Amino acid sequence: MHPTQTQTHSPSDAVTPDADVLRVLRALSLQRISGWHLPGYYLGITYESVGLDEATLTMDLDSNADRNGQPLPVALCILADVALAAAIRGEVGFATRLATVSARLTFTGKSATQRLAARSHTRFRSDANTIAIRNSSVAVFSGDTEICFAEANFAVLNRPADKPAQALPSPESLEQVEQMGINDLTDQENAFI
């Protein structure tokens with residue numbers, strides 16, 4: 001057993017959090033205001049367009065890359081999942097709950113050199129079953145280079161009354177959100193730091 005030490009910090013000891021902590025604080029601040037998608041905020045996923053059967057989302061490469069400059073696989077998976085659902089949201093809206101039933105993602109092994117763009121579209125709709133199902137596909141590009149592609153099935157569900165609808169925040173509203181400090185976190189939010 002090792003003895004533990006307790007340190008007390010005065011305001012003059014305050015240290016600016018590192019870039020990763022600031023990024024988490026920004027994502028948590030944004031989620032508190034609009035309640036959209038914490039990983040989406042953290043990764044900086046942006047909705048460029050959402051139409052009836054298609055959507056385009058983008059994500060910065062630099063802040064989501066490994067030490068070799070390649071996209072983090074988990075970041076690509078989240079971008080693909082959000083884009084797959086976005087193509088369907090053009091039909092069902094952001095207030096509808098979508099549950100991923102199945103998904104398949106394939107990496108091409110090609111290198112990314114610039115901002116990532118996920119282009120998705122709805123492939124089919126089925127309302128014949130007890131639960132409505134939608135299928136969509138996505139391709140993630142870095143410039144003209146395809147980095148990965150995916151397909152998924154989603155169940156279209158009613159949102160529980162106690163769960164707020166996801167609202168797609170506008171870039172303008174996001175810029176106006178004041179970033180909270182490390183001392184403003186709840187116990188649950190503190191787990192992310």
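## Strands β3 and β6

Strand β3 (residues 97-107) runs antiparallel to strand β6 (residues 145-157), and 10 bridges join the two. Strands here are DSSP runs (E, at least two residues), numbered from the N terminus. Two strands count as paired if DSSP finds at least two bridges between them. Within this pair, Ala103 has Ala152 of β6 as its bridge partner.

The model is predicted: local features need pLDDT of at least 70, side-chain atom pairs count only at pLDDT 80 or more, and totals for chains, interfaces and linings use all residues. Residues are numbered from 1 along each chain as its sequence is written, and side-chain values use heavy atoms, with hydrogens and water left out.

## The β5-β6 hairpin

β6 also pairs with strand β5 (residues 132-142), in the antiparallel sense, over 11 bridges. Here Val138 stands opposite Ala150 of β6. The hairpin has 2 residues between its strands. Gly143 takes a positive phi there, near 65°.

## The whole sheet

The sheet is open and has 6 strands, in the order β1-β2-β4-β5-β6-β3. Its pairing is antiparallel. β1 (46-50) and β3 each have a single partner strand, so one side of each edge strand lacks a neighbour in the sheet. From one strand to the next, the twist averages 20° (axes are lines fitted to C-alpha atoms; angles run from 0 to 180 degrees between N-to-C directions).

Definitions and conventions. Helix = DSSP H or I, 4+ residues; strand = E, 2+ residues; numbered from the N terminus.
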